[in-house]
There are 2 protein chains.
Amino acid sequence: MLQKTACFLVIGNEILSGRTQDANTRVLARALNAQGIRLLEVRVIPDIPDRIINTVNECRKAFDIVFTSGGIGPTHDDITADCIARAFGVPLVRHEESYQAMEAVMGREKFNAARQRMADLPEGATPILSALSAAPGFTIGNVHVMAGVPSIFASMVEWLVPQFEKSAPLASASWHAAGLKEGDFAEDLRLLQTRFPTIDLGSYPYQLSDGTKGVALVAKGYDAETVRTADTALHDLIMAHGKEPMKGEADLDRAV
Amino acid sequence: MLQKTACFLVIGNEILSGRTQDANTRVLARALNAQGIRLLEVRVIPDIPDRIINTVNECRKAFDIVFTSGGIGPTHDDITADCIARAFGVPLVRHEESYQAMEAVMGREKFNAARQRMADLPEGATPILSALSAAPGFTIGNVHVMAGVPSIFASMVEWLVPQFEKSAPLASASWHAAGLKEGDFAEDLRLLQTRFPTIDLGSYPYQLSDGTKGVALVAKGYDAETVRTADTALHDLIMAHGKEPMKGEADLDRAV
């Protein structure tokens with residue numbers, strides 16, 4: 001079964017200004033990998049209505065599935081729901097079920113006009129639920145709108161993504177080797193890639209905080225059998241260059 | 001003077017697969033803020049030639065300046081230089097000065113075919129230098145191509161960005177307040193935004209690792225005088241809601 005394609009739109013000035021580091025891409029990417037959905041593009045765009053509307057309309061045609069994060073809170077700079085409604089040419093209408101759920105959680109006194117606005121969804125949208133917040137995200141067409149706060153975003157991804165039709169998950173295998181340099185094995189790796197045309201072999205230099213440098217070699221693809229074969233081949237390539245192959249990449253994830 | 005607009009293309013399967021967290025956006029964003037260049041979009045795209053070529057051609061028309069990171073190393077998955085050359089309709093040619101600099105640093109024996117490939121630039125390109133590597137990035141037209149390895153990327157940004165014409169830098173001021181909730185001050189903040197139409201007021205919920213929750217209030221814009229006035233107004237808004245305004249945001253940068 002062919003993998004569906006996805007695009008993730010990160011809506012928020014705070015990423016583009018360098019104030020905040022995006023943490024949501026990785027959470028979504030991993031959930032999509034497990035579900036066999038292929039994340040093909042991420043775009044970070046500012047809180048400017050025309051840019052949001054045009055980007056949503058471009059991407060919902062170009063990809064099977066579009067996800068967004070950010071801009072669905074109670075403040076004036078939360079304009080995502082309004083922009084998505086305009087992109088789809090529908091009005092924002094109160095989603096009664098969400099309104100009542102929010103009122104029940106927050107209590108009538110705290111449920112002021114600003115918070116009530118979070119229960120307004122584009123007409124025809126269905127809510128995306130979170131274990132952490134009564135204020136919903138929403139789905140309209142192939143566009144799935146989620147919160148930007150990482151903990152709430154993650155809880156919405158956890159609720160939403162398993163509901164998509166599952167395809168073969170992205171399989172991966174990786175080895176790292178301290179002291180190995182890309183230029184030394186580039187030709188061998190190129191030849192290996194020609195042996196495994198159905199998957200991607202990648203090479204990623206890293207430097208740990210203690211100064212150790214090395215390279216991570218990664219095989220990735222939807223053909224799990226070939227990834228397993230490539231796993232062994234990457235191990236052997238490192239051995240052939242006189243370095244020690246080490247399994248696991250968790251400690252390299254934040255390496256620079 | 002009007003700020004020039006910029007777009008940053010992060011080229012790399014490793015970000016889209018969730019294996020690596022992008023660290024370069026923030027470095028570039030902060031350098032551009034200081035130079036008065038407005039980062040309007042970031043796109044993360046995979047190592048697929050057509051997608052790189054089409055995205056570069058779309059973005060170099062849509063933005064004043066385009067930056068890229070990733071894919072200029074010695075391995076087979078480093079296809080950025082080739083794709084940029086194709087986007088501009090020019091051949092890749094050996095850049096003699098870079099070739100000789102690399103050979104001098106690496107020594108003739110280690111300077112194999114894979115490494116020599118890193119001295120091939122699109123015809124007409126000029127090199128972008130790094131304090132950490134003899135292998136260059138390059139500029140062609142309004143597109144600036146840099147390495148993906150964060151330390152080398154940062155050194156190239158440091159060399160390149162101050163060479164752009166300087167405009168008024170992005171000014172910002174921020175306060176944070178533990179225990180403050182967006183829904184409680186949303187209406188006051190909206191009114192404040194109408195008082196300061198030339199700058200952006202933003203509100204960002206955070207949760208620290210010790211569980212403390214709060215909100216950061218941020219004023220940003222190219223009109224420094226108004227940002228300073230808004231700074232005081234944001235402080236007073238927090239006071240009016242019975243919380244203690246705290247200056248500085250460094251400890252919140254990684255907050256979730």
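## A pair of strands to begin with

In chain B, strand β1 (residues 4-11) and strand β3 (residues 65-69) run parallel and are joined by five bridges. One residue to look for here is B:Leu9, whose bridge partner in β3(B) is B:Thr68. Please keep in mind as you explore that this is a predicted model.

## The sheet that spans both chains

Those two strands belong to an open sheet of 12 strands with mixed pairing. Its order is β6(A)-β7(A)-β8(A)-β3(A)-β1(A)-β2(A)-β2(B)-β1(B)-β3(B)-β8(B)-β7(B)-β6(B). Reading along that order, you cross from chain A to chain B between β2(A) and β2(B).

Where does the sheet end? The edge strands are β6 (126-128) of chain A and β6 (126-128) of chain B, each of which pairs on one side only. From one strand to the next, the twist averages 20 degrees.

A helix is also worth finding here: α2 (residues 24-35) of chain A lies across three strands of chain A, namely β1 (4-11), β2 (37-45) and β3 (65-69). Helix α2 of chain A runs at about 165 degrees to β2(A).

## How the two copies are related

A turn of 180 degrees, with a shift of 0.0 Å along the axis, lays chain A on chain B with an RMSD of 0.0 Å. This is the relation of a two-fold axis. To locate that axis in chain A, look for A:Arg43: its C-alpha is the nearest to the axis, 2.2 Å from it. Both copies use the same surface, as 100% of the contact residues of chain A recur in chain B.

## Inside chain A

Chain A has two domains: domain 1 covers 5-163 and domain 2 covers 171-247. Taken over C-alpha atoms, the centres of these domains of chain A are 37 Å apart. An unreviewed UniProt entry carries the annotation "domain: MoaB/Mog" for residues 7-167 of chain A. That span is 40% helix and 22% strand, and its end C-alpha atoms lie 17 Å apart.

## Chain A as a whole

How many helices and strands does chain A have? There are nine helices and 12 strands. The C-alpha trace of chain A spans about 70 × 40 × 30 Å along its principal axes.

Of the 256 residues in chain A, 55% are buried. Among contacts in chain A with a separation of 6 or more, 70% are between residues 24 or more positions apart.

Notes: Residues are numbered from 1 along each chain as its sequence is written. Chains are lettered from A and ligands numbered from 1 in the order in which they are written. This is a predicted model: local features need pLDDT of at least 70, side-chain atom pairs count only at pLDDT 80 or more; totals for chains, interfaces and linings use all residues. Side-chain values use heavy atoms; hydrogens and water are left out. Copies are superposed by least squares on the C-alpha atoms of residues with pLDDT of at least 70 in both. Contact means heavy atoms within 4.5 Å. Domain bounds come from an automatic or database domain assignment. Two strands pair if DSSP finds at least two bridges between them. Helices (H or I, at least four residues) and strands (E, at least two) are DSSP runs, numbered from the N terminus. Axes are lines fitted to C-alpha atoms, for helices over the stretch in contact, and angles run from 0 to 180 degrees between N-to-C directions. UniProt positions are given in the numbering used here, feature names are shortened, and annotations may be inferred rather than shown by experiment. Buried means under 20% relative accessible area, exposed over 50%, partly exposed in between (1.4 Å probe, protein chains only).
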